Amino acid sequence: MDLTTHATQRERSPVPPAPLPANERRRLSALIHCNVLDTVPEAAFDDLTHLATELCDTPIALVSLIDTDRQWFKSRVGLDAEQTPRDLAFCGYAILGTDALVIEDATKDPRTVDNALVTGEPGIRFYAGVPLRLSSGEALGTLCVIDTKPRKADQRLLDRLHALAAQAAAQLELRHKIDALEQANGEIRDASESKSAFLAEMSHEVRTPMTAILGFADLLATDDEFRSKPEQANEAIGVIQRNAQHLLSVINDILDLSKLEAGKISFDAVTFDPAAVIEGVISLLSPQAREKGVALDVRYGNALPNQVVSDPTRLRQILLNVTGNALKFTDSGKVVITCPADSDTESLNFSITDTGIGMTPEQLERVRCFDAFTQADASTTRKFGGTGLGLRISHMLAQVLGGGLWIDSEPGVGTTTTFSIATWNGQASATLTDTDGVATQSLQAEVLADRRILIAEDGADNQLLIGYMLRRAGAATVFANTGQEALDLINDVDEAPFDLVLMDMRMPELDGYEATHLLREQGSSLPIVALTANAMAGDQERCLNAGCDAFLTKPLDRQQLIETCRAACAQLA
């Protein structure tokens, strides 16, 4: 029987079509992911419809899939049409239920009495259909049998129909799972490619500064002629310091990005003077600007408030990243920071404008994606360096601080980066700190005079470095290679008492966490400062929970080390 004429030239039925299932969007998505629509005939389905006509003694059997506006037949016996409009589909009613839909006489059922497939060809009278339902619950269509004369559906017919429908549903389930596996494999491939690209970028970003560090360190250690010339030696030391700082900044960017993407980066809401943060950034970047011959200015639009509540450390980080980028891509002209306050929306808004190389629309589109390790193009990375992490981090920081970051650029004219952060009125809920977080302290020898400090650290090079720093500040130092050695020295009655312990948290035999915990269990109130190379979210909290009084991350800043030791020793006074 040919339904094509009725599918295309019928008069509209006055009876409304079947309502949409409650999960229609998810159902259609599952149907698409089965990758079965508009495919060629397959024996797995055709065998089922042929069996259905024989076992149920009907002239027509279908595997019908309900698409957006049609029912499409994956398999059919007794019909020439490949599909009909959805609003004529008896199966549209069948997928609404969980059991078989049986219509014994379509001319007497209010849902189908005026249906064009009942009043015209093929003159449907009897219909029985079982939903083809995935394990996740979506009914994609039916396996149904149709007759042109009214009839009863006994339990034997329904049992056979259910059995055949289960096999058809199993075929669809298999295709759905295959699609899910292919999608998962695609994601794995994408992740693997991203990982490879990440490792390649990291290898470049680590090996490049390490080449300079190791190369000049080797010259200083082995080349007497090179070392004998103070100008060359000082230049080598400067190169080592700059590249070590660059290497550390890359590591810090990676850590910040991973914490931001995991939603585990910490923020402090404190009261601070935004102008002080801005001037601090100008002070840090001015040497770079002078070296390039680029003017670096700041312009305050409206009256900037003296105090706001937000996170000054993260604001400084964004300003340094964005302004540093502007300087990097500007060889002449100027870089200007503009910072009008917006009292209506309680936010701080910043625009960093440069007269640098600018970007084409295509380059700008790439950068606006804010993907990690993404710059305008490959030549940008080769000429100017950098990882592309700073902009992504700044974008995410601005969003977490209640604002956003936007970029506009014109090739040969320059780039303007605008960002905002939310601010709050009143006092900060957190303990107030100064904008640097660490009080300044001169490196005078007497700052740690008469202090006896135990350094529990298993790295010989770190022992040498930390011991030198502390002795220069006036302290006497004793070393332990393990946590157990540290405990033994502290509990040795023949040893002079210590004023402080610097405790590396990862040592052999007994680590710093266990050693600190045992000391606190013994009732020791000796100040303990944690030393760790772990700088991920939660590391500081873990150290403090173990019983440490303060927390320092490696590599150590000498000023911060000495000030932290001074403050910890002051607890004993």
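Me: Two strands count as paired if DSSP finds at least two bridges between them. The model here is predicted. In what order do the strands of the open six-stranded sheet lie?
Reply: The sheet is open, with antiparallel pairing. Its edge strands, each pairing on one side only, are β3 (83–85) and β4 (101–103). Read across from β3, the order is β3-β2-β1-β6-β5-β4.

Me: By what angle are neighbouring strands of this sheet turned against each other on average?
Reply: The strands concerned are neighbours in the order β3-β2-β1-β6-β5-β4. With direction ignored, the average turn between neighbouring strands is 25°.

Me: Which residue in β5 stands opposite I103?
Reply: Strand β4 runs antiparallel to β5 (residues 126–133), and three bridges join them. β4 covers 101–103. The residue of β5 opposite I103 is Y127.

Me: Which helix packs on the sheet?
Reply: The helix touches β1 (60–66), β2 (70–77) and β6 (139–147). Its direction makes about 75° with that of β2. The helix, residues 43–56, is α3.

Me: Which helix gives the largest share of the largest nonpolar core?
Reply: That core has 42 residues, and L315, I318, L319, F350, I352 and F419 touch the most other members. Apart from it lies another core of 30 residues, with V63, L134, A165 and A168 among them. The largest share of the 42-residue core is seven residues, from residues 274–292, helix α9.

Me: Which residues does F350 touch, leaving out those up to four places away in sequence?
Reply: F350 is one of the core residues that touch the most other members. Contact here means heavy atoms within 4.5 Å. On that basis F350 touches I278, L315, L319, T338, C339, T417, T418 and F419.

Me: At which residue does α9 bend?
Reply: α9 has 19 residues and reaches 27 Å from its first C-alpha to its last, close to the 27 Å expected. The bend is about 45°, and a proline, P287, follows within four residues. The residue at the bend is L285.

Me: Which elements are among those covering the buried residues of α9?
Reply: The buried residues of α9 are P274, A275, V277, I278, V281, I282, L285, S286 and A289. Their cover includes one helix, α10 (312–328), as well as strands. The elements named are α10, β7 (270–272), β8 (295–299), β9 (308–310), β10 (334–338) and β12 (347–354).

Me: What percentage of the protein chain's residues count as buried?
Reply: The chain comes to 18 helices and 19 strands. Buried means under 20% relative accessible area. Of the 573 residues, the buried share is 46%.

Definitions and conventions
Residues numbered from 1 in each chain as written. Predicted model: local features only at pLDDT ≥ 70, side-chain atom pairs only at ≥ 80, totals over all residues. Heavy atoms only, no water. Helix = DSSP H or I, 4+ residues; strand = E, 2+ residues; numbered from the N terminus. Axes fitted to C-alpha atoms, helices over the stretch in contact; angles between N-to-C directions. Core = buried A, V, L, I, M, F, W, Y, C linked by side-chain atoms within 4.5 Å. Buried < 20%, exposed > 50% of the residue type's maximum accessible area, 1.4 Å probe, protein only. Expected span 1.5 Å × (residues − 1). Bend = angle between axes of the 7 residues up to and from the residue.
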